[in-house]
Amino acid sequence: MLTLAANLQTYLIVGAFMFAIGIYGIIHRRTLIGMLIASELILSGASINFMAFNRFLVPDPVSGQVFTLFIMGIAAAEAAIALSIILAVYRNYKSIVVDDVAELKG
């Protein structure tokens, strides 16, 4: 059975791991949906770190929760905008692979 110690280092490691996977996904994914999922992992990793710092270092519990709610709001808006852009790209190019939409490069 996996038991995790409830200390700051454990949460920071999990948050850093999620952040690193998100960065790796943005760099190596070829589709727009994969990049969107990777960006969500980055935001989730940052949110975990904010909540961990709030839980273990700050006596006021509100500040970390406000940051996390703010990140969740930004993630929802980012997902909605990115999905609409992906749908528009698919309608025009019939593909969501980044290399196929080379005309979008400046």
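This report walks through the helix packing, the aromatic pairs and a few single residues of a predicted model.

## How the helices pack

Let us start with helix 1 and helix 2. Helix 1 covers residues 8–28 and helix 2 covers residues 32–56. Their axes come within 7 Å and cross at roughly 165 degrees. Angles over 145 degrees count as roughly antiparallel, and helix 1 and helix 2 are therefore roughly antiparallel to each other. The crossing in which helix 1 passes helix 2 is left-handed. As for the residues that make up the contact of helix 1 with helix 2, 18 are nonpolar and seven are polar, with no charged residues.

Next comes the packing of helix 2 with helix 3. Helix 3 spans residues 62–93. The axes of helix 2 and helix 3 are 9 Å apart, and the packing angle is about 175 degrees. Helix 2 and helix 3 are therefore roughly antiparallel to each other as well. In the contact of helix 2 with helix 3, the residues divide into 15 nonpolar, seven polar and two charged.

## Aromatic pairs

How many aromatic pairs does a search of the whole structure find? The search returns two.

One of them joins tyrosine 11 and phenylalanine 56. The ring centres of tyrosine 11 and phenylalanine 56 are 5.8 Å apart and the planes stand at 40 degrees, so this pair is tilted. Tyrosine 11 belongs to helix 1 and phenylalanine 56 to helix 2, so the pair ties together parts that are 45 residues apart in sequence. Tyrosine 11 counts as partly exposed, at 38% relative accessibility. Phenylalanine 56 is also partly exposed, with a relative accessible area of 28%.

The ring of phenylalanine 56 has a further partner to look at: the charged end of arginine 55 sits over this ring, 4.9 Å from its centre.

The other pair is made by phenylalanine 50 and phenylalanine 67. Is this pair stacked or tilted? With ring centres 4.8 Å apart and planes at 10 degrees, the pair of phenylalanine 50 and phenylalanine 67 is stacked. Phenylalanine 50 is in helix 2 and phenylalanine 67 is in helix 3, and the pair links distant parts of the chain, 17 residues apart. Phenylalanine 50 is partly exposed at 33% relative accessibility, and phenylalanine 67 is partly exposed with a relative accessible area of 42%.

## Single residues worth a look

Here are some residues to find in the viewer, beginning with their places and accessibility.

| Residue | Place | Relative accessible area |
|---|---|---|
| Glycine 25 | helix 1 | 10%, buried |
| Alanine 82 | helix 3 | 17%, buried |
| Leucine 69 | helix 3 | 58%, exposed |
| Lysine 94 | segment after helix 3 | 60%, exposed |

Glycine 25, buried at 10% relative accessible area, can be viewed together with alanine 38. The C-alpha atoms of glycine 25 and alanine 38 are 5.1 Å apart in space, while the two residues are 13 residues apart in sequence.

In helix 3, which residue is buried with a relative accessible area of 17%? That is alanine 82. From alanine 82 to leucine 32 the C-alpha to C-alpha distance is 8.6 Å, across 50 residues in sequence.

Leucine 69 also has its place in helix 3, but leucine 69 is exposed, with a relative accessible area of 58%. Its C-alpha is 8.7 Å from that of serine 47, and leucine 69 and serine 47 are 22 residues apart in sequence.

Finally, take a look at the backbone of lysine 94, in the segment after helix 3. Lysine 94 is not a glycine, yet its phi is positive, at about 55 degrees. Lysine 94 is exposed, with a relative accessible area of 60%.

How values were computed. Residues are numbered from 1 along each chain as its sequence is written. This is a predicted model: local features need pLDDT of at least 70, side-chain atom pairs count only at pLDDT 80 or more; totals for chains, interfaces and linings use all residues. Side-chain values use heavy atoms; hydrogens and water are left out. Rings of Phe, Tyr and Trp (its six-membered ring) pair if their centres lie within 6.5 Å; planes under 30 degrees apart count as stacked, over 60 as edge-to-face and the rest as tilted. Helices (H or I, at least four residues) and strands (E, at least two) are DSSP runs, numbered from the N terminus. Buried means under 20% relative accessible area, exposed over 50%, partly exposed in between (1.4 Å probe, protein chains only). A charge sits over a ring if NZ of Lys or CZ of Arg is within 6 Å of the ring centre and within 35 degrees of the ring normal. Axes are lines fitted to C-alpha atoms, for helices over the stretch in contact, and angles run from 0 to 180 degrees between N-to-C directions. Angles under 35 degrees count as roughly parallel, over 145 as roughly antiparallel, 65 to 115 as roughly perpendicular and the rest as oblique. A crossing is left-handed if the near helix is turned anticlockwise from the far one by less than a right angle, and right-handed if clockwise. Ala, Val, Leu, Ile, Met, Phe, Trp, Tyr, Cys and Pro count as nonpolar, Asp, Glu, Lys and Arg as charged, and the others, Gly among them, as polar.
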